[in-house]
Amino acid sequence: MSRHCLAIIDTRAFVANYRHAKSLAHGARAVAVIKANGYGHGAVTLGRALAAEADAFAVASCEEALELRESGIDNPILLLEGPFEPGEITDAVHHRLMPVVHSHKQVDWLLSARPARPLDLWLKVDTGMHRLGFLPADAAAALDSLLASGAVAQPPVLCTHLACADDLDKPATGRQLQAFAKIAAGRDLPRSIANSAGIMHWPGSHADWNRPGIMLYGCEPTGSFDGKSELRPVMSLVSEIMAIRDIAPGEGVGYGHRWRAAGPARIGTVSVGYADGYPRHARNGTPVWVKGRRAALAGTVSMDMITVDLTGRDDVAVGDPVELWGPNVPVNEVAACAGTIGYDQLAGMPARLPRVYVESI
């Protein structure tokens, strides 16, 4: 490899985080969410690593589900956004997918399709997110239509999605749990509420099925990076020092000279940039890890390079490794320095960045 910039993906950490998610919810079944190419980590490789343990996987579309099926993954697969057109109901039957039904249009498609075999379905109700799902007043009629149609293999899983579970001080989650309990009352149906934040911080949201997503990749869903989490980071973005130069006081560095040396300074250039997934808007001072210590971003992030302040660091030389995020620099911290969140940072990792898969001890 001529350019030493890559993402190291720890598959064992991914499996450990899934086990942790299940332990927090006392062993309830867990759908491992690996949509968006496993949040940028590689859905097929992570799916294979977890296939022996996963109760189910979840993706956003049939295309993502078929990629898993074609790779040999046989676990149940949940389609979080359900069918986008009537023909996808046939795909769901053929490939044994579990669609989430969230609209009257999808119910009509199912009733008209008369699938060759009944489907395992989830029915989504809107308790406050206001994106997808049946309104509480309409949920019962939709459910009764599905149950009477013969298209449902077993009682569907009743589900909803939490809007504010990552904000522990907002009352919205409590209101959503109350609304969901009212909708589910009197129905002997399996239930699913909790996302990662719900699993970790709202025990009242735990149900028959939980849906861990960002926590599987080692990110605290609240965005915290205080080092207290039991989650293990799965991706380490690494590169190396490709050049070092000494500059005089007052000299600027990088495009626009956003950073200027307050005194004699030593600047290291690292072969990573926004084309590799490093955030373009990371501010001066964003931490990186160089030879056992933190250093600070100094100057504008370029397409293929960043510059870091190595003043006083005579121990650092060209070729030394650099961790942009991973065990020593949480991705949530880097994301916060760029005005975004860890989800965005990980899911947006580009195809050009090589992924190397390892199993840690």
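In this predicted model, strand S13 (residues 265-270) is largely enclosed by the rest of the structure, because 6 of its 6 residues are buried. The burial applies to both faces of S13: Ala265, Ile267 and Thr269 are buried on one side, and Arg266, Gly268 and Val270 are buried on the other.

Strand S13 has pairing partners in S10 and S16. With strand S10 (residues 235-247) it runs antiparallel, joined by 6 bridges; within this pairing, Asp246 has Arg266 of S13 as its bridge partner. The pairing of S13 with strand S16 (residues 306-309) is likewise antiparallel and comprises 4 bridges. Here Val270 is matched with Ile306 of S16.

**Nonpolar cores**

Ile306 also belongs to the largest nonpolar core, which has 96 residues; Leu68, Trp122, Tyr278, Val288, Ile306 and Trp325 are those with the most contacts inside it. Apart from this core lies another, of 7 residues, including Ala265 and Ile267 together with Trp259 and Ala298.

Tyr278 illustrates the contacts of a residue in the largest core. When neighbours within four places in sequence are left aside, Tyr278 touches Leu237, Val272, Gly273, Thr286, Val288, Leu297, Val301, Ile306, Leu324, Trp325, Val334 and Gln345.

**Helices H4 and H8**

Leu68 is one of the buried residues of helix H4 (residues 62-70), along with Cys62, Glu64, Ala65, Leu66 and Arg69. The elements covering the buried residues of H4 include the helices H2, H3 (43-50) and H5 (87-94), as well as the strands S3 (56-59), S4 (77-79) and S5 (97-101). After H4 comes Gly72, which has a positive phi near 100°.

Thr173 lies in helix H8 (residues 172-184). Its relative accessibility is 0%, and Thr173 therefore counts as buried. Beyond its neighbours within four places in sequence, Thr173 is in contact with Leu162, Cys164, Ala165 and Trp202.

**Pockets and cavity**

Rolling a probe the size of a water molecule over the atoms reveals where empty space remains. The composition of each lining is set out below.

| Site | Nonpolar | Polar | Charged |
|---|---|---|---|
| Largest pocket | 18 residues | 5 residues | 6 residues |
| Second largest pocket | 12 residues | 7 residues | 3 residues |
| Largest cavity | 3 residues | 3 residues | 3 residues |

The largest pocket contains about 640 Å³ of space. Its lining consists of 29 residues, and Lys35, Tyr39, Arg131, His161 and Asn195 are the closest to its centre. At least two lining residues come from each of helix H2 (35-39), helix H9 (196-201) and helix H11 (342-347). Helix H2 supplies the largest share of this lining, 3 residues; H2 is also among the elements that cover the buried residues of H4.

The second largest pocket has a volume of about 330 Å³. It is lined by 22 residues, with Gly218, Leu231, Pro233, Gly326 and Pro330 lying nearest its centre.

Across the whole structure, a search finds 1 cavity of 30 Å³ or more. The volume of the largest cavity is about 40 Å³, and its lining is made up of Lys124, Val125, Asp126, Thr127, Met129, Arg131, Leu132, Thr160 and His161. Arg131 and His161 thus appear in two linings: they line the largest cavity and are also among the residues closest to the centre of the largest pocket.

Terms used. Residues are numbered from 1 along each chain as its sequence is written. This is a predicted model: local features need pLDDT of at least 70, side-chain atom pairs count only at pLDDT 80 or more; totals for chains, interfaces and linings use all residues. Side-chain values use heavy atoms; hydrogens and water are left out. Buried means under 20% relative accessible area, exposed over 50%, partly exposed in between (1.4 Å probe, protein chains only). Contact means heavy atoms within 4.5 Å. Two strands pair if DSSP finds at least two bridges between them. A nonpolar core is a set of buried Ala, Val, Leu, Ile, Met, Phe, Trp, Tyr and Cys residues joined through side-chain atoms within 4.5 Å. On a 1 Å grid over the protein atoms alone, a cavity is a set of points where a 1.4 Å probe fits but cannot get out, and a pocket is an open set with protein on both sides within 12 Å along at least five of seven lines; lining residues have an atom within 4 Å of a point. Grid points are joined across faces, edges and corners, and a volume is the space filled by probe spheres set on the points. Ala, Val, Leu, Ile, Met, Phe, Trp, Tyr, Cys and Pro count as nonpolar, Asp, Glu, Lys and Arg as charged, and the others, Gly among them, as polar.
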